[in-house]
Amino acid sequence: MENKARVRFAPSPTGELHVGNARTALFNWMFARHEGGRFILRIEDTDESRSDSAYQTSLLEDLKWLGLTWDEGPDIGGGYGPYRQSERLDLYEAHLKKLVDADLAYPCYCTEEELEEERQTLILAKRMPRYLGKCRNLSAGEREALAASGRKPSCRFKVPRTTIEFNDLIRGPIRFEGEAMGDFIIVRSNGMPAYNFAVVIDDHRMAVTHVIRGEDHLSNTALQIMLYRALGFEPPAFAHHCLILGKDHAKLSKRHGSVSVGEFRRQGFLPEALINYLGLLGSSFAGGREILSRDEMIDAFSLSRASRSGAVFDEDKLRWLNAAYIRKTSTEDLLRKLEPFLRAAGFRPETLDAAWLKNVLETVKGELTTLAEIGAHIDLFFDERYSLSDEARRLLAAPGAREVVGAFGDYLERAEDNAGDIYAAAIRHAKEKSGAKGRDLFMPVRAALTGKLKGPELDRVFAVLGVDSARGRFQQVKKTLGI
RNA sequence: GGUCCCAUCGUCUAGUGGUUAGGACGCUGGCCUCUCACGCCGGAAACCGGGGUUCAAACCCCCGUGGGACUACCA
C-alpha cells in the first residue's frame with residue numbers, strides 16, 4: 001500500500017467554471033503532480049435544483065482545455081467511485097445511520113420560516129446567528145407528533161462543545177471555539193446530504209490525503225473535523241489558499257466582469273497563459289520565475305509559497321502573459337487556434353491561400369494580445385477591408401504628410417512590378433523628395449498603406465501586400481488628399 | 001452584530017532579525033529598427049499605526065486600525 005498524496009477538485013455543476021475554482025483545481029493538480037500523487041475529480045451535485053448536467057459537461061471541457069487532467073473522475077472512473085455525489089446516496093445514508101445510532105445526530109422538524117425567525121432574533125440581539133437546538137432533545141412522542149403533522153425532518157449533527165484546532169498547511173495553526181457553532185444540518189429534509197456531510201464521507205472514502213481549497217471554506221473545516229471525529233475517521237491535511245479579489249477587493253464575482261474560464265477562452269486567451277497567470281496569483285514559484293511551462297510550474301510549485309492574503313485579479317498582467325505566449329506559439333499552432341476567431345471575424349480560412357495566410361500571420365503575430373483581436377489586425381491585408389481610421393486621416397491631413405504620400409505614391413506608379421525592393425526604393429525616394437525622415441517619414445506611409453497608426457514592420461506589410469495593392473491604396477489616399 | 005482569516009510599491013509578489021527592501025504588470029525616460037510595437041537599458045513607486053522584545057526589526061509579541069471570508073435544508 002503506497003501512501004501517495006491524493007487530492008481532489010470537487011466542483012458543483014451550477015455554472016461555468018469560475019477562474020477562482022480553476023485556480024483551486026490548478027493548485028490541487030500541481031500539488032498532485034509535484035508529489036507524484038493522484039488528482040481526483042468529483043462532482044458535487046447534491047443540490048438538484050441548482051445542478052445541471054450541461055454545466056457538468058462544460059466543467060470537464062474547461063478543465064481539459066486548461067490541461068488539468070485527472071486520474072480518477074466521473075468520466076474515467078477509478079478505484080474509489082462513483083465520482084458523482086448523486087450516485088453515492090446510499091453511502092451517505094449508511095453513515096447517517098451510524099451517527100443517529102450513536103446519538104450524534106437527530107431529526108429536526110423546524111420549518112425554514114421558523115429557522116429564519118430564530119436567525120433574525122439572534123441577529124437583532126447581536127448574537128451569532130445559529131441553530132439553538134430546539135429539536136435536539138425531543139422525546140419520541142414529540143417526534144411522532146411532529147411527523148404526524150406532516151413535517152419532513154432534516155437531520156442535524158450534535159455539535160460537541162469542543163475547541164477545534166488544526167494546522168493549515170498554508171496558514172499555520174487555526175482554532176475555532178465549538179461554543180459558537182450551532183447544530184448544523186447534515187441531511188436535508190428532502191433526503192439529500194448537505195455539503196459538509198457528503199464531503200467528509202467522500203474525502204474519507206476516496207482516501208483523500210490533502211484538502212486544498214479556498215479560504216472561504218475555513219469555517220467549514222471546523223465543522224467537517226467534528227464530523228470526521230464523530231465518524232471515527234482520520235481527517236486529512238488541510239490547506240486553505242487565499243481568494244481571488246476584484247478591483248474593489250471583494251471576492252471576484254460576475255459583477256467584476258469576466259470571471260469564467262469559458263469567457264476567457266472565448267476572448268482568445270491561451271490556456272497556458274491563463275494557467276500560468278493563475279499560478280502566479282496569490283502565490284509564486286520557486287526561483288521567482290514568472291513565465292513557466294506546465295512542467296516547470298509543477299516542478300517549482302509549493303504550498304508553502306501560497307500567500308495568505310487575497311489577491312486582486314489583474315487583467316493587464318494576464319493580457320501581457322497572453323501576448324507573450326502568443327509570440328511563443330508556432331505559426332502553425334497559432335493558425336489552428338485562430339481558426340474559430342477568424343471565422344467569427346468574417347473570414348473563411350479555407351478560401352485563403354495557406355502560404356499567404358501563414359505569411360500574414362507571421363507578420364502580425366507580435367501585435368496580438370488575444371486571439372479575438374485577429375480580425376482587427378489582419379483586415380489591413382484585404383483591400384476590401386482596408387479603410388482609413390480617423391487617426392490615420394488626421395495624421396495624413398497634417399502638413400508634411402502629403403509630400404511623403406505624394407512622393408511615395410508617385411514612385412509606386414512608375415515602378416516596375418519586379419524591380420527588386422520597391423518598398424525600400426520608394427521610402428528612399430519619398431525621403432529625398434519630402435525631406436522628411438524618421439517618424440515624419442514613416443507614419444504617413446504607414447497610415448496610407450495600412451489605414452492605421454500601429455502595426456507590424458512596414459517593409460513586411462508591404463511585402464505581404466504586394467505592389468499592386470499598395471499602388472491602389474496610395475492612389476486612393478492621394479485622391480482624398482487632393483493630390 | 002458574531003466567528004475566523006489577513007496586512008511589503010497602484011496591482012501580483014521576493015524577503016523568515018543586520019538588504020541601497022529585490023522582481024513582474026502597469027506608468028514613465030532613453031536606446032534600437034530611418035516608424036508605432038517588440039526587445040534592451042534606466043526612473044518614479046511599498047514595509048498600515050502605536051507599543052514592546054533585541055545591540056539590531058518588514059520579519060518575533062501585544063494593542064489598535066484597516067480589509068476580507070463565513071454566518072443557508074448552496075457548495
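Helices (H or I, at least four residues) and strands (E, at least two) are DSSP runs, numbered from the N terminus. The model is predicted: local features need pLDDT of at least 70, side-chain atom pairs count only at pLDDT 80 or more, totals for chains, interfaces and linings use all residues, and side-chain values rest on heavy atoms, without hydrogens and water. Residues are numbered from 1 along each chain as its sequence is written, with chains lettered from A and ligands numbered from 1 in the order in which they are written.

**View 1. A cis peptide bond joins Gly81 and Pro82.** Omega at this bond is about -5°. Pro82 sits in the loop between α2 (53-66) and α3 (89-101).

**View 2. Asp103 has a positive phi without being a glycine.** The phi value is about 60°. Asp103 belongs to the loop between α3 and β3 (105-108). Its relative accessibility is 46%, so Asp103 counts as partly exposed. (Buried means under 20% relative accessible area, exposed over 50%, partly exposed in between, using a 1.4 Å probe and protein chains only.)

**View 3. His249 also has a positive phi and is not a glycine.** Here phi is about 70°. His249 is found in the loop between β10 (244-245) and α8 (261-266). With a relative accessible area of 57%, His249 is exposed.

**View 4. Helices α18 and α20 cross at roughly 105°.** Helix α18 covers residues 439-450 and helix α20 covers residues 467-481. Their axes come within 8 Å. (Axes are lines fitted to C-alpha atoms, for helices over the stretch in contact; angles run from 0 to 180 degrees between N-to-C directions.) The two helices are therefore roughly perpendicular to each other. (Angles under 35 degrees count as roughly parallel, over 145 as roughly antiparallel, 65 to 115 as roughly perpendicular and the rest as oblique.) On the α18 side, the meeting residues are Val445, Ala448, Leu449 and Thr450. On the α20 side, they are Ala470, Arg473, Phe474 and Val477. (Contact means heavy atoms within 4.5 Å.) The residues of this contact divide into 6 nonpolar, 1 polar and 1 charged. (Ala, Val, Leu, Ile, Met, Phe, Trp, Tyr, Cys and Pro count as nonpolar; Asp, Glu, Lys and Arg as charged; the others, Gly among them, as polar.)

**View 5. Leu449 is a buried residue of helix α18.** Its relative accessibility is 0%. Residues up to four places away in sequence aside, Leu449 touches Tyr386, Leu458, Val461, Phe462 and Leu465. Leu449 also touches Ala470, Arg473 and Phe474. Arg50 lies 399 residues away along the chain, and the C-alpha atoms of Leu449 and Arg50 are separated by 55 Å.

**View 6. Val445 lies in helix α18 and is buried.** Its relative accessible area is 0%. Neighbours within four places in sequence aside, Val445 is in contact with Val404, Phe408, Ile427, Leu458 and Phe474. The C-alpha atoms of Val445 and Val405 are separated by 6.2 Å, at 40 residues apart along the chain.

**View 7. The structure holds 1 cavity of 30 Å³ or more.** The largest cavity encloses about 40 Å³ of space. (On a 1 Å grid over the protein atoms alone, a cavity is a set of points where a 1.4 Å probe fits but cannot get out; a pocket is an open set with protein on both sides within 12 Å along at least five of seven lines; lining residues have an atom within 4 Å of a point.) Lining the largest cavity are Leu335, Leu338, Leu342, Leu357, Val360, Leu361, Ile374 and Ile378. The lining divides into 8 nonpolar, no polar and no charged residues. Helices α12 (331-344), α13 (354-364) and α14 (374-378) each supply at least two of them.

**View 8. The largest pocket holds about 1,200 Å³ of space.** Of its 43 lining residues, the closest to the centre are Pro11, Ser12, Asn21, Asp216 and His217. The elements giving two or more residues to the lining are β1 (6-9), α1 (19-35) and β8 (210-214). The largest share, 5 residues, comes from α1. By class, the lining divides into 14 nonpolar, 16 polar and 13 charged residues.

**View 9. Thr24 sits in helix α1.** Thr24 is buried, at a relative accessible area of 9%. Not counting residues up to four places away in sequence, Thr24 touches Phe9, Ile212, Arg213, Gly214 and His241.

Key. Grid points are joined across faces, edges and corners, and a volume is the space filled by probe spheres set on the points.
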